[in-house]
Amino acid sequence: FIVRVLRVGESRTHIDHGKSTLADRLLEATDTTETISTTASGGGNKANQRVLDKLAVEKSRGITVKAQTASMFYTHPVSKITYLLNLIDTPGHVDFSYEVSRSLSACQGTLLLVDACQGVQAQTVANFFLAFSENLAIVPVLNKIDLPASDPQKVLRQLETAFDIDSSANVLQVSAKTGLGVPALLERVISDIPPPQSPVSKTEPFKALLFDTWYDSYVGVVCLVAVHSGQIRKGDRITSHHTKLSYDVISLGIMHPEQTATPSLSAGQVGFLHLGMKTTRDANIGDTFYAATTSPPPTPFPGFKPAKSMVFAGAYPIDASEFPKMQDAIDRLTLNDASVSVARESSTALGQGFRLGFLGTLHMDVFRQRLEEEHDSTVINTAPSASYQVAYKDERKVQGMEWNENFGRNVKIIRNPADFPEPDELGNVEAFYEPIVVGTLITPVEYVGGLMELCGTHRGEQLEYTTIDENRVLLKYKLPMSEILTDFYDTLKSRTQGYATFDYEESGYARSDLVKVNLLLNGHRVDALATIVHRAAAERVAKTWVKRLKGVVERQLVEIVIQGQVDGKIVSRESVSALRKDVTAKLYGGDVTRKMKLLEKQKAGKKRMKAVAGGIQLPQEAFLSLINGV
Ligand code: GDP
Ligand code: MG
């Protein structure tokens, strides 16, 4: 066999370009799966099968969350040579670009799939340059040409402007739904994507790149490797460069499309290994495995940057007694998603919980849905926040400093508003830093004004303005990460009737004037509602939140004062007057016991209450709507 490794890429968006559907057609065309029936007993719709979307959440949301691999045997119709192709179907959404970038290093080429109705989107641009910078062969493919609304000519012009792809260069046109053009696509893969360059010599010592890992309830940890040189068989002993631990290979094989045992894996192949690892934490993506006997050990692969949590939020069980159950559920889920970071935290209002770190807000939503669906446990998520960094004048007064390579100094990382410096510590703060992203927006020209305004109000700085066809514009903006966490994406979609697309990449940290907004009830902080914002927005945020909180506080026996506090100073205030006292006293005279009984009865009949600060209780539902509704 001649070995080629390719990858279906593109389209990190909700408006899906058809990558997973095309993967189905490729698996069929190579007899890797049986023809996926249109009238299958399960009522399966051919176009919506998506064999490689294996998680429940992927099926229900119709999005790919985890990159999936399949090996296929393809016999060229003319030469009759059989090729081994390896396909990686990647997620579309920006939050999972970590999945995409780690797949790239195991590939030689990429199919850049563009929906011929939607045209080039922000995600197309991001993925094109990702593949381009990795020197991968890029095969552009227009999909959905079965649809009357498709306009291949226009999309070809966009490809030319955005990527310098010659529109006369016979760009493939396919329908992943009907299978039209798929045979031609396979031929193009053979002609345009080179085989792995590594020496395909079986006598060299074994060396492989670990590029994916997951937990399988039957066999435990599964490692997916791209073999660079040599050969490996069952029973061989291999060593991890990163951990220096050695393992005996229990079994191995290829994904065809499920785990299929083979006698060996050789240079150029992609396959799975069962090594008897206890947890996926021992399997470090980007690690190098080599034959334990190799001496001296080989030079490792450059490795990936580990997944970095960008968005943090508290997660609490709705009912304190569910804490151990939730701990179990989180443990099980993170076995398969090492990109979620987990730490314990507690809150006066919410009790014992966790601070979870995610790659983005969709990642957060998906994780929460998986937690609830797959493990039957209800979760309260506090508002998402970015992670900030603080540099101090006198570091000795501060605990928990961490070394920051980029700044060349120690900083304190703040993943939770509760860790923000208190007013009396502010004098020792030298600078606050916040994470910055570079966002790409592609929009029909009539919405450009609205989007520029949107970016402006979110502290954006314009970097680029390019017209990519007669009515589409590409904008690039520098934006603080925190500005795109809450309503940015929804506003962008609603202002452009869904036509604009947005993607972003991290771009380091920048100095920023940050403050913490606290909400107080009778002088006590409601810790679950504290937020970190830019000084310019602080007062507005404090006022809005005081009003919102007033909206859910019910009158109680005492007056309740609601205050918004910025850096320790009160900037807004509302109050809820006390219920008229002694109503009961008048009716029941001095009979304290009867009065107490009556009050208790009244309380029991009420909705569930949550004590949130200083003993003040709010209806749980209203309080949760405040927390979750941001
Ligand atoms: P992905 O996010 O890029 O993996 O996209 P999916 O494969 O999940 O497809 C998104 C939607 O587009 C699904 O509803 C598919 O049925 C539909 N779709 C995909 N390819 C085609 C096509 O060639 N023609 C038509 N009409 N629909 C398609
Ligand atoms: Mg998909």
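How far is an oxygen atom of ligand 1 from an N or O atom in the side chain of Ser175? In this predicted model, the separation between these two atoms is 3.3 Å. Considered alone, ligand 1 exposes 590 Å², and 87% of that area is buried by the protein. Two further polar approaches to the ligand can be described: a backbone N or O atom of Gly18 lies 2.9 Å from an oxygen atom of ligand 1, and in the side chain of Thr21 an N or O atom is found 2.5 Å from a ligand oxygen. The shell around ligand 1 comprises 17 residues, of which Lys19, Ser20, Thr21, Asp146 and Ala176 come nearest.

The largest share of this shell, three residues, is supplied by helix H1, which spans residues 19-29. Because ten of its eleven residues are buried, H1 is largely enclosed by the rest of the structure. The buried residues run through Lys19, Ser20, Thr21, Leu22, Ala23, Asp24, Arg25, Leu26, Leu27 and Glu28, a list that includes charged side chains such as those of Lys19, Asp24, Arg25 and Glu28. Just after the helix, Asp31 adopts a positive phi of about 55°.

The protein as a whole contains 14 helices and 34 strands, and 53% of its 630 residues count as buried. Among contacts with a separation of 6 or more, 68% are made by residues 24 or more positions apart. The exposed area of the protein is about 28200 Å², with carbon and sulfur atoms supplying 51% of it.

Among the strands, E17 (residues 311-317) is largely enclosed by the rest of the structure, since seven of its seven residues are buried. Val311, Ala313, Ala315 and Pro317 point one way from E17, whereas Phe312, Gly314 and Tyr316 point the other way, and burial extends to all of these residues. Strand E17 runs antiparallel to strand E19 (residues 351-358), to which it is joined by five bridges, and in this pairing Ala315 stands opposite Phe354. An antiparallel pairing is also formed between E17 and strand E20 (residues 379-381), here over three bridges, with Pro317 placed opposite Val379. The loop between strand E16 (288-291) and E17 contains Pro296, and the peptide bond leading from Ser295 to this proline is cis, with omega near -5°.

A second mostly covered strand is E3 (residues 82-89), in which seven of eight residues are buried. Strand E2 (residues 68-75) is joined to E3 by eight bridges in the antiparallel sense, and Ala70 stands opposite Leu87 of E3. The two strands form a hairpin with six residues between them, and Lys80 in its turn has a positive phi of about 65°.

Further backbone features are found in loops. Most residues other than glycine have a negative phi, and most peptide bonds are trans. A cis peptide bond nevertheless joins His256 and Pro257, with omega about -10°, and Pro257 is located in the loop between strand E12 (251-255) and strand E13 (259-261). A positive phi, near 65°, is taken by Lys144, which lies in the loop between strand E5 (137-143) and helix H5 (152-163); with a relative accessibility of 23%, Lys144 counts as partly exposed. Asn522 likewise has a positive phi, near 45°, and is placed in the loop between strand E28 (514-521) and strand E29 (524-525). The relative accessibility of Asn522 is 32%, so this residue also counts as partly exposed.

By contrast, Gln563, a residue of strand E31 (residues 560-566), is buried because its relative accessible area, 16%, falls under 20%. When residues up to four places away in sequence are left aside, Gln563 touches Asn518, Leu519, Leu520, Gly523, Val546, Ile570, Ser572 and Arg573.

Finally, the cysteines were examined for disulfides, and the count comes to zero. For Cys223, the nearest cysteine sulfur is that of Cys107, 18 Å away, and Cys223 is accordingly in no disulfide. Cys223 is buried, with a relative accessible area of 1%, and Cys455, at 0% relative accessibility, also counts as buried.

How values were computed
Residues are numbered from 1 along each chain as its sequence is written. Chains are lettered from A and ligands numbered from 1 in the order in which they are written. This is a predicted model: local features need pLDDT of at least 70, side-chain atom pairs count only at pLDDT 80 or more; totals for chains, interfaces and linings use all residues. Side-chain values use heavy atoms; hydrogens and water are left out. A disulfide is a pair of cysteine sulfur atoms within 2.5 Å. Buried means under 20% relative accessible area, exposed over 50%, partly exposed in between (1.4 Å probe, protein chains only). Helices (H or I, at least four residues) and strands (E, at least two) are DSSP runs, numbered from the N terminus. Contact means heavy atoms within 4.5 Å. Accessible areas come from the Shrake-Rupley method with a 1.4 Å probe; for residues, only the protein chains shown count as cover. Two strands pair if DSSP finds at least two bridges between them. A residue is near a molecule or strand if one of its heavy atoms lies within 4 Å of it. A polar contact is a pair of N or O atoms within 3.5 Å; within protein, one must be able to donate a hydrogen and the other to accept it, and residues adjacent in sequence count only if both atoms are side-chain atoms.
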